[in-house]
Amino acid sequence: FRIYQIGKPLNGIVEIYAQHISYDLSGVAVSPFSATGIDNVISAMLENSVPKNHGFTLTTNEAGGTGIIVDFPSSFRSLLGGTEGSLLDIYGGEFKYDRFAVSLLGARGEDRGFEIRYGKNLISFEQEENCASVYTDVYPYWTDGKEKVFLDEKTIRAPGDYDFTKVYTLDLSSYFETAPSKDSLKAAAQNYMSANKIGVPRVSLKLSYEDFAENQNGAVQLCDIVTVVFPKLN
C-alpha cells in the first residue's frame, strides 16, 4: 500500500490513509493501439505504456481471441477493469495483485471441499437476489460512424426462461478495427454475454461461521469457492 495522507493526532490517535499499490497504474497512460487476442492485447498495453518503466508486470492464464481497440490515450488501470472495453469487461476473470505483479486469472482461488452447513458450523445467514441489473437479451452492433453492422435477428437471447424481456444494447465498435462479419459480431456478443453472466440475477450471501470449521474441513483461502448448505432456502 502507498500512504497518501497522514492526519493530525486526535486524542493520541494518528489517522493514516493508504491505497493499494496497484492504484499507481492510474498514473500510467497507454497510447492508442489495436490488437487481437488477449496475449497480444496485454503485450500492446505494456509496449504502449507511458512511461514504459513503470515497474509493473501483467500476465494471464485466460484465453480469448476477441480484440481491443483503444482510440485515445487511456489510464492503464482503467483498461484493466471497471470500464466498458476493459480486459475484465471483455475477457472476464479475476485479478490478483502481488505487489507489482498483476495477473488476470480465470479464478483466483479453488474449491478445496470446504463446507459451511446449517446445523453444523453456520451461525448466521442472509440471502439477497437482485434482478434489477438482469438483461434477457443483447442487441450487438458495430459502427465506425459511417458503416454499421447489425445481426439479422437483431438480438441474442440469454440462456434461461424469463417471463419478461429486457434488452441491453451492446456497442462492439471497439472490438474490431474494420467492419466485422455478422458471424464475428455474434461470436463477440456471445463471449461478452458469457464473461458478464448476462441473464443471471445477482445473488449475494452474507454469512458467518465458526472458526473451528477450518480445522474440520481444511483451510479456506482468499477467493476460494466454498459450498454453503442451507436446506431452508434450497
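The following questions and answers go through strands, salt bridges and burial in this predicted model.

User: What numbering and confidence rules apply to this predicted model?
Analyst: Residues are numbered from 1 along each chain as its sequence is written, and side-chain values use heavy atoms, with hydrogens and water left out. In this predicted model, totals for chains, interfaces and linings use all residues, side-chain atom pairs count only at pLDDT 80 or more, and local features need pLDDT of at least 70.

User: Which strands stand at the edges of the open sheet with the order 6-10-9?
Analyst: The open sheet has three strands and mixed pairing; two strands pair if DSSP finds at least two bridges between them. Helices (H or I, at least four residues) and strands (E, at least two) are DSSP runs, numbered from the N terminus. Each edge strand has a single partner strand, so one side of each is left without a neighbour in the sheet; these are strand 6 and strand 9 (94-98).

User: By what angle are neighbouring strands of this sheet turned against each other on average?
Analyst: The sheet in question has the order 6-10-9. Axes are lines fitted to C-alpha atoms, for helices over the stretch in contact, and angles run from 0 to 180 degrees between N-to-C directions. With direction ignored, the average turn between neighbouring strands is 20°.

User: Which residue of strand 10 stands opposite Thr-59?
Analyst: Strand 6 and strand 10 (residues 101-105) run parallel and are joined by four bridges. Opposite Thr-59 in strand 10 stands Ser-103.

User: At what angle does helix 1 run to strand 6?
Analyst: Helix 1 (residues 38-47) lies across strand 6 and strand 10. Its angle to strand 6 is about 175°.

User: Which residues of helix 1 are buried, and why do they line one face?
Analyst: Buried means under 20% relative accessible area, exposed over 50%, and partly exposed in between (1.4 Å probe, protein chains only). The buried residues of helix 1 are Ile-38, Val-41, Ile-42, Ala-44 and Met-45. The arc is that of the directions from the helix axis to the C-beta atoms. Seen down the axis of helix 1, the buried residues line one face because they fall within an arc of 160°.

User: Which side chain of opposite charge is nearest to Glu-62, and how far away?
Analyst: Glu-62 is found in the loop between strand 6 (57-60) and strand 7 (67-70). Leaving aside neighbours within four places in sequence, Glu-62 is in contact (heavy atoms within 4.5 Å) with residues including Ile-38, Tyr-91 and Leu-105. Glu-62 is buried yet has no salt bridge (a side-chain nitrogen of Lys or Arg within 4 Å of a carboxyl oxygen of Asp or Glu). Lys and Arg count as positive and Asp and Glu as negative, His and the chain ends not being counted, and the nearest side chain of opposite charge is Lys-197, at 9.3 Å.

User: How many residues apart in sequence are the parts tied together by Arg-2 and Asp-24?
Analyst: The whole structure has eight salt bridges, among them the one between Arg-2 and Asp-24, at 2.7 Å from N to O. Arg-2 lies in strand 1 (residues 2-6) and Asp-24 in the loop between strand 2 (16-19) and strand 3 (29-30), so the pair ties together parts whose separation in sequence is 22 residues.

User: Is Asp-152, the salt-bridge partner of Lys-182, buried or exposed?
Analyst: The closest N and O atoms of Lys-182 and Asp-152 are 2.4 Å apart. The pair links helix 4 (residues 182-195) to the loop between strand 14 and strand 15, 30 residues apart. Lys-182 counts as partly exposed at 41% relative accessibility. With a relative accessible area of 60%, Asp-152 is exposed.

User: Which residue is linked with Glu-110 and Arg-112 in a network of salt bridges?
Analyst: Arg-112 forms a salt bridge with Glu-110, the closest N and O atoms being 3.7 Å apart. The further residue in the network is Asp-224.

User: Which residue in the turn between strand 13 and strand 14 has a positive phi?
Analyst: Strand 13 (residues 137-143) pairs with strand 14 (residues 148-150) in the antiparallel sense over three bridges. The two form a hairpin with four residues between them. The phi is about 95°, and the residue is Gly-145.
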